[in-house]
Amino acid sequence: MTFRSRAFSGVQPTGNLHLGNYLGAVSRWVPVQDQMETIFCVVDLHAITASFPDPGELQAATREVTAAYIAAGIDPKKSIIFNQSQVPAHSELAWIFNCVARIGWMNRMTQFKDKAGKNRENASLGLLAYPSLMAADILAYKATHVPVGDDQKQHLELTRDIAAKFNNDFAAQVKELGVGVPNPTPSPELPEELFFPMTEPMIAGPATRIMSLRDGTKKMSKSDPSDLSRINLIDDEDTISKKIRKAKTDPEALPSEVDGLAGRPEAGNLVGIYAALAEKTKDEVLQEFGGRQFSEFKPALADLAVAKLTPMTSEMRRYKEEPAEIDSILKDGAERAAAIAEPILKDVRKIIGFLDVR
Ligand code: TRP
């Protein structure tokens with residue numbers, strides 16, 4: 001017995017999806033579908049941690065993110081696509097992980113510190129526990145791989161910490177019940193048999209982190225007050241071109257090598273976006289554009305972005321007219337997801353010692 005290779009990832013259904021979500025996450029999931037079993041989740045339980053969105057907007061955003069997954073090339077036949085709240089295993093395992101994780105671990109999470117801001121006492125308990133729910137998302141399926149942007153690295157380390165502590169604390173039970181798998185990479189820190197895999201992050205590519213078009217040191221974000229700072233997946237051709245034309249740059253020409261981008265965050269970001277959209281390395285892009293001015297590079301980038309994004313956008317618009325089609329994909333996905341997670345949760349309850357009387 002070994003852990004089956006299985007990838008899990010998710011995006012929150014909060015408002016507009018933008019280029020950063022697409023290049024940093026969803027577009028990277030597409031090839032994984034041919035490498036292993038894949039599960040892609042719309043994480044609506046995470047979407048209520050900062051504050052409760054308007055119910056109608058939450059529903060609309062859940063369908064919109066699902067449509068974006070499909071338009072980007074996630075195939076509902078190859079992959080399981082569903083929304084988190086439909087599979088109770090996530091909440092149940094998250095509660096158990098709240099009792100595995102330590103408050104100190106949570107307090108160290110940089111995303112919590114950023115999102116809670118100065119008034120930490122007033123943040124929801126759910127915001128503090130956010131990474132424990134994320135660990136539950138992954139481990140309810142014993143996922144071995146998680147493709148994400150590099151901003152999620154710390155959360156994945158915490159997922160491994162939770163898996164390690166559970167594996168250690170319950171090693172005897174796991175062995176006795178015969179529900180473990182020999183540790184594929186034996187180490188003194190872990191028991192010989194594991195219940196949860198030690199999940200690997202899959203972080204790669206030229207633009208895992210897409211920055212704001214107005215400030216190359218800030219992440220592209222849906223919460224930025226300036227709409228010019230991001231390209232939304234729903235933007236039309238003219239809007240995409242205008243935003244790229246207006247993107248902040250410096251007066252210098254593009255360098256011929258990546259080293260020349262040091263200290264030029266805006267230039268680095270636009271080259272990174274070009275590279276990711278063209279599926280090239282930054283070096284290759286600079287071989288082509290080194291020495292040229294932004295007045296030449298920006299129109300080329302705008303053409304590329306329009307060519308890559310508009311077919312997706314039009315498919316997303318089509319799905320907007322067909323909510324029933326989206327809902328039936330999510331229903332099928334939730335059933336397939338639950339069929340994997342339920343037996344795992346059953347073992348977890350047994351390991352812990354919850355009395356099963358049903
Ligand atoms: N926290 C992730 C983000 O903000 C979203 C997420 C929730 C996720 N659960 C996950 C990503 C599980 C990967 C795996 O992008």
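**How many residue pairs are in polar contact across the interface of domain 1 and domain 2?**

Before we start: this is a predicted model, where local features need pLDDT of at least 70 and side-chain atom pairs count only at pLDDT 80 or more, while totals for chains, interfaces and linings use all residues. Residues are numbered from 1 along each chain as its sequence is written, and side-chain values use heavy atoms, leaving out hydrogens and water.

Step 1. Take the rule: a polar contact is a pair of N or O atoms within 3.5 Å; within protein, one must be able to donate a hydrogen and the other to accept it, and residues adjacent in sequence count only if both atoms are side-chain atoms.

Step 2. Apply it, and you get two residue pairs, both at pLDDT 80 or more.

**Exercise 2. Work out which elements build domain 1's side of that interface.**

Step 1. Helices are DSSP runs of H or I, at least four residues, and strands are runs of E, at least two, numbered from the N terminus.

Step 2. Helix 1 (19-32), helix 2 (55-71) and helix 13 (323-352) each give two or more residues to the side that touches domain 2.

Step 3. Helix 2 brings the largest share, five residues.

**Exercise 3. Find the salt bridge between the two domains.**

Step 1. Look for a side-chain nitrogen of Lys or Arg within 4 Å of a carboxyl oxygen of Asp or Glu.

Step 2. Between domain 1 and domain 2 the count is one.

Step 3. Glu 325 pairs with Arg 318, and their closest N and O atoms are 3.7 Å apart.

**Exercise 4. Now pick out a salt bridge that links distant parts of the chain.**

Step 1. The rule gives 22 salt bridges to choose from.

Step 2. Try Asp 34 with Lys 78, where the closest N and O atoms sit 3.1 Å apart.

Step 3. Asp 34 is in the loop between helix 1 and strand 2 (37-42), and Lys 78 is in the loop between helix 2 and strand 3 (79-83), 44 residues apart.

**Exercise 5. Say which side chains put an N or O atom by a nitrogen atom of the ligand.**

Step 1. List the residues around the ligand (a heavy atom within 4 Å); they include Phe 8, His 46, Tyr 130, Asp 137 and Gln 152.

Step 2. Check distances to a ligand nitrogen: 2.7 Å for Tyr 130, 2.7 Å for Asp 137 and 3.0 Å for Gln 152.
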